[in-house]
Amino acid sequence: MIYPDTYETKIGFDRIREYLTTNCLSSAGIRRVEAMKVSFTGDEVRQCLALTEEFQQILNSSEQFPSDNYNDPHSTLEKLRVEGSFPELEEVVALRGSLDTIRRIIGFFKNRKDSKYPGLTAMAGAVVYYPFVNEAIDRIIDKEGKVRDNASPALKVIRADLSAKSMAAVRKLHSVLRQAQADGIVDRDATVAVRNGRGVIPVSASNKRGIKGFVHDESATGKTVFIEPAEVVELNNEITELEHQEKREIVRILTALADNIRPYIDDLSDNFAFLAETDFIRAKALFGVRLQCIKAPVADTPHIRWINARHPLLTLSFARTTGREVVPLTVRIDSRDRILVISGPNAGGKSVCLKTVALVQYMLQCGMTVPVAEGTETGIFRKFFIDIGDEQSIENDLSTYSSHLINMKQMLRHADDKSLVMRDECGTGTEPVIGGAIAEAILAELNIRKSYGVITTHYTNLKHFATSQEGISNGAMAFDNQLMQPLFRLDQGKPGSSFAFEIAKKIGLPQEILNDAAARAGEGNVDFDRNLREIARDKRYWERKREAVRHHEKRLEELI
């Protein structure tokens, strides 16, 4: 189950599809990307990941994999199912090119002495390839994509007659032109032209009666007319008739070809489905190579133990800007701590962290390798829920908070111990105390159901609740309170401060206003937020100390 219907748009997976379609070589591959769906079984996910990862190895190697003529002859094959139908010449050429690509792909895996790509080799080995079809096409089509003269005895005779008649017409036409030039009827620099498929001579309008024949055209100014001499009219008529005969014979040849390959259409359809699947896997692999994605181990049980996970879209965006890098996230959500409550300052990366978890997990279950580090472990979720952004609706008379409650109602109706629930800014949109209480009750119910999820919040009561409940853990987005800027790093195991007073002070809010606000907030809330800041400050201090100790110990060992 996936809720809501706009889930992919909310997490950004629609843009991932767009990137994949740009990597495809065929319209069939694009359709395969558009039809890609999330899988809820571990075996299917592992199989898809293995194929994608193997293709990434091919792309990273120096091996040349066939990447041309990924055509989509589906409509051609469907047309040829009808008795008496025939393909157009360009359709036959496309069909032959794709079949040749399929043959080379099969050969790429079949001729290997190693077992480097077992999944792709097995997929290619299941394809039933018929050389007869390619041979039948090669007998009538040359390398330039034209029908061979010897495609049939009748065509050979027709083309021989056509060539002879054409040469005779050309000789006769030039003879008339030379005589007209000698008589001064036509300019010395005039040459033979073609109008309406017929050979003609350009003559000035004043001399048009000097040459007997048919006027086929005239210049834009009307000063020149193009005349087909009477001496070549009969020859041109015979040529036209031969050209019609040629077309009819080519149609007969293509119809016979269709009759020959019609019994193999189902097998050919399977062949081109294999080609489309190869194109689809290649597109995913190209995306994986670009983001340095890996195939992480996938367990059937739902859990997330990611090391240095990167948001794919941010990574692509930052790659276009020098000096900007995505801060990786190390995330753990498992049977011990199923729900992660993330707090921290505004613009500190809470929503990005939530979207990273949602998007990367969705990519994984769509069979895509993911941008994480080695040592990562992943699991499978059966249901996906998300509530993020403003869903206020004028048409349905829904406020922002009402829309959030409707989303939570659906989550509570269907969430279970295999669900991944994403909720951004939990409890906001209404009176803070009541909103926080409702959010805490919903969080408690999700915990009772043993659901998994990521919740972002500023509410102190949710931070306290996460600390006191088994199955729920706090997480904080790191913030440098000296430089007053977010570090975009997730620290699990403790709640985070919103740094509201510090940010307000930096912006320039008067101190008396801040003092009044602190008094109104109450000593307990202010002290709690202050303690969180001090913990974060002390944690960074001791991290720097430990790093300095390690550096000095290493230096000391070198000196000794």
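Which residue is the bridge partner of R195 in strand 3? The exercises below work outward from that point, on a predicted model.

**Exercise 1. Place R195 in its sheet and describe what packs there.**

Solution.
- Step 1. Find the partner: R195 bridges to R198 in strand 3.
- Step 2. Look at the strands involved. Strand 2 and strand 3 (residues 198–204) pair antiparallel, over three bridges.
- Step 3. Widen the view. The open sheet has four strands, in the order 2-3-5-4, with antiparallel pairing.
- Step 4. Name the edges. Strand 2 (193–195) and strand 4 (213–218) each pair on one side only.
- Step 5. Give the twist. From one strand to the next, it averages 50°.
- Step 6. Add the helices. Helix 9 (residues 153–182) touches strand 3 and strand 5 (224–229), and its direction makes about 10° with that of strand 3. Helix 10 (residues 230–261) touches strand 3, strand 4 and strand 5; its direction makes about 70° with that of strand 5.

**Exercise 2. Decide how helix 2 runs relative to helix 3, and list the contact residues.**

Solution.
- Step 1. Take the geometry. Helix 2 (residues 13–23) and helix 3 (residues 27–34) pack at about 165°, with axes 9 Å apart.
- Step 2. Apply the cut-off: angles over 145 degrees count as roughly antiparallel. Helix 2 is therefore roughly antiparallel to helix 3.
- Step 3. Note the hand: the crossing is right-handed.
- Step 4. List the residues. R17, L20 and T21 of helix 2 meet I30, V33 and E34 of helix 3.
- Step 5. Sort them: three are nonpolar, one is polar and two are charged.

**Exercise 3. Do the same for helix 15 and helix 16.**

Solution.
- Step 1. Helix 15 (residues 432–448) and helix 16 (residues 460–468) pack at about 25°, with axes 9 Å apart.
- Step 2. Angles under 35 degrees count as roughly parallel, so helix 15 is roughly parallel to helix 16.
- Step 3. Their crossing is right-handed.
- Step 4. Helix 15 contributes G436, A437, A439, E440, L443 and A444; helix 16 contributes N461, L462 and F465.
- Step 5. The contact residues divide into six nonpolar, two polar and one charged.

**Exercise 4. Explain why strand 7 and strand 9 each have a side without a neighbour in their sheet.**

Solution.
- Step 1. Read the order. Three strands form an open antiparallel sheet, 7-6-9.
- Step 2. Strand 7 (329–333) and strand 9 (377–378) are at the edges with a single partner strand each, so one side of each lacks a neighbour in the sheet.
- Step 3. Check one pairing. Strand 6 (residues 304–309) is joined to strand 7 by four bridges. R305 has R332 as its bridge partner in strand 7.
- Step 4. Add the helix. Helix 13 (residues 350–365) touches strand 6, strand 7 and strand 9, its direction making about 110° with that of strand 6.

How values were computed: Residues numbered from 1 in each chain as written. Predicted model: local features only at pLDDT ≥ 70, side-chain atom pairs only at ≥ 80, totals over all residues. Heavy atoms only, no water. Axes fitted to C-alpha atoms, helices over the stretch in contact; angles between N-to-C directions. Helix = DSSP H or I, 4+ residues; strand = E, 2+ residues; numbered from the N terminus. Parallel < 35°, antiparallel > 145°, perpendicular 65-115°, else oblique. Left-handed = near helix turned anticlockwise from the far one by under 90°. Contact = heavy atoms within 4.5 Å. Nonpolar A, V, L, I, M, F, W, Y, C, P; charged D, E, K, R; others polar. Pairing = 2+ DSSP bridges.
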